Amino acid sequence: MKSEMGDFYKILETDMELLAAALSEVPVAVLLKSGSEEQLETGPIRAYTPQSVRIRGLSYCRELHQFRILAPGSAWP
C-alpha cells in the first residue's frame, strides 16, 4: 500500500487483484501512469482483459493507466 496525503491505497496490477476488486464491486480509481495524480474516473470494475479494464462503460488501457482502491478508512481525494 502506498500513502499519499494521508490516504492509503492499493495499486491493482495482476489479474487476480482486478478479479477480486470486480467481484467485491469496490470503487476503483483510474489514473494515468505518466505520473499525473489526476483521477480520470471512479467506479466498480465491470470487465477486464489482459489489455484493458472497463469502468462505467469506458475501457482503459492497462499499459497506460493505473487502477487503485483505497484502504478501509480512507476517503477519495
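Reader: What is the mean pLDDT of the protein?
Author: This is a predicted model, where local features need pLDDT (the predictor's confidence in each residue, from 0 to 100) of at least 70, side-chain atom pairs count only at pLDDT 80 or more, and totals for chains, interfaces and linings use all residues. Residues are numbered from 1 along each chain as its sequence is written, and side-chain values use heavy atoms, without hydrogens and water. In this protein 82% of the residues reach 70 or more, and the mean pLDDT is 86.

Reader: Which element of the protein has the highest mean pLDDT?
Author: Elements are DSSP runs numbered from the N terminus: helices (H or I, at least four residues) and strands (E, at least two). The lowest mean pLDDT, 47, belongs to strand 1 (residues 2-4). The highest, 98, belongs to residues 52-55, which form strand 6.

Reader: In which sense do strand 5 and strand 6 pair?
Author: Strand 5 (residues 45-48) and strand 6 are joined over three bridges; strands pair if DSSP finds at least two. They form a hairpin with three residues between them. Ile45 has Ile55 of strand 6 as its bridge partner. The sense of the pairing is antiparallel.

Reader: Why do the buried residues Leu18, Ala21 and Ala22 count as lying on the same side of helix 1?
Author: In helix 1, Leu18, Ala21 and Ala22 are buried (under 20% relative accessible area with a 1.4 Å probe, protein chains only; over 50% is exposed, in between is partly exposed). They are on the same side because the arc they cover around the axis, taken from the directions to the C-beta atoms, is only 100°.

Reader: Which exposed residues are on the face of helix 1 turned away from its buried side?
Author: The buried residues of helix 1 are Leu18, Ala21 and Ala22. The face turned away from that side carries Met16 and Leu23.

Reader: Is Glu25 buried or exposed?
Author: Glu25 lies in the loop between helix 1 (15-24) and strand 3 (28-32). Its phi is near 55°, a positive value in a residue other than glycine, whereas most residues other than glycine have a negative phi. Its relative accessibility is 52%, so Glu25 counts as exposed.

Reader: What is the relative accessible area of Arg56?
Author: Arg56 sits in the loop between strand 6 and strand 7 (58-61), and its phi is also positive, near 55°. Arg56 is exposed, with a relative accessible area of 56%.
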